[in-house]
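Subject: Structure for you to look at

Hello,

Here is the structure I said I would pass on. Please open it first, then read the notes below it.

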Amino acid sequence: MLALAAYLIVPADAFTADKALIKENVDEVVASINNGQAATSYTADAYTPYVFIMDGHGKLIVHPHLTGEYLQEKAAPIFSALQQATINGIWVSYIWKGATKETYIRRTKNNLTVGSGN
């Protein structure tokens with residue numbers, strides 16, 4: 001029983017660390033874009049987990065598989081959740097393919113949404 005309890009605690013602690021790293025990565029990208037860095041200069045795989053960038057119309061500017069696609073056409077539940085993005089950042093939850101996902105999102109000064117999650 002104790003071994004099982006320890007096993008259940010480790011993933012929670014790991015996700016807490018992941019959440020801090022995810023927030024740090026997104027905040028870094030947002031700050032750079034707000035200071036003039038082009039969103040197109042980023043690649044999704046430069047971060048783990050990947051960072052995506054979406055314009056105000058739902059078009060993915062940076063994504064590992066959907067760059068140039070409109071998120072509302074490919075994944076409406078995710079697009080809907082991402083509409084909550086704020087300048088200060090927010091964690092959102094949504095169901096995708098039967099699993100609850102958490103994503104940290106922030107809006108840039110020029111209305112791009114930057115996010116990453118599990």
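A residue is called buried when its relative accessible area is under 20%, and exposed when that value is over 50%. This is a predicted model, and 35% of the 118 residues of its chain count as buried.

The overall layout comes next. The chain has 3 helices and 5 strands, and from the N terminus on these elements follow the order α-β-β-α-α-β-β-β. Among contacts with a separation of 6 or more, 35% are between residues 24 or more positions apart. The accessible surface of the chain is about 6900 Å², and carbon and sulfur atoms make up 56% of that surface.

Now the interior. In soluble globular proteins, nonpolar side chains tend to be buried together. In this chain the largest nonpolar core has 15 residues, and the members that touch the most others are V29, I33, Y42, I53 and V114. Helix 1 supplies the largest share of this core, 5 residues. Apart from this core lies another one, of 13 residues, including M54, A75, L82 and A85.

I53 is worth selecting in your viewer. Leaving out residues up to four places away in sequence, I53 touches V29, I33, A39, Y42, K59, L60, I61, V62, L112, T113 and V114.

Two more positions have notes.

The first is D55, in the loop between strand 1 and strand 2 (60-62). How far from D55 is the nearest side chain of opposite charge? That side chain belongs to K59 and is 6.0 Å away; D55 is buried and has no salt bridge. A salt bridge needs a side-chain nitrogen of Lys or Arg within 4 Å of a carboxyl oxygen of Asp or Glu, so a distance of 6.0 Å does not qualify. The side chain of D55 does have a polar atom 2.8 Å from the backbone nitrogen of H57. Not counting residues up to four places away in sequence, D55 touches I61, N111 and L112.

The other is T40, in the loop between helix 1 (2-34) and strand 1 (52-54). Is T40 buried or exposed? T40 counts as exposed because its relative accessibility is 65%, and the cut-off for exposed is over 50%. T40 is 21 residues from I61 in sequence, while the C-alpha atoms of the two are 6.5 Å apart in space. I61 also appears among the contacts of I53 and of D55.

Regards

Terms used: Residues are numbered from 1 along each chain as its sequence is written. This is a predicted model: local features need pLDDT of at least 70, side-chain atom pairs count only at pLDDT 80 or more; totals for chains, interfaces and linings use all residues. Side-chain values use heavy atoms; hydrogens and water are left out. Helices (H or I, at least four residues) and strands (E, at least two) are DSSP runs, numbered from the N terminus. Buried means under 20% relative accessible area, exposed over 50%, partly exposed in between (1.4 Å probe, protein chains only). Lys and Arg count as positive and Asp and Glu as negative; His and the chain ends are not counted. A polar contact is a pair of N or O atoms within 3.5 Å; within protein, one must be able to donate a hydrogen and the other to accept it, and residues adjacent in sequence count only if both atoms are side-chain atoms. Contact means heavy atoms within 4.5 Å. A nonpolar core is a set of buried Ala, Val, Leu, Ile, Met, Phe, Trp, Tyr and Cys residues joined through side-chain atoms within 4.5 Å. Accessible areas come from the Shrake-Rupley method with a 1.4 Å probe; for residues, only the protein chains shown count as cover.
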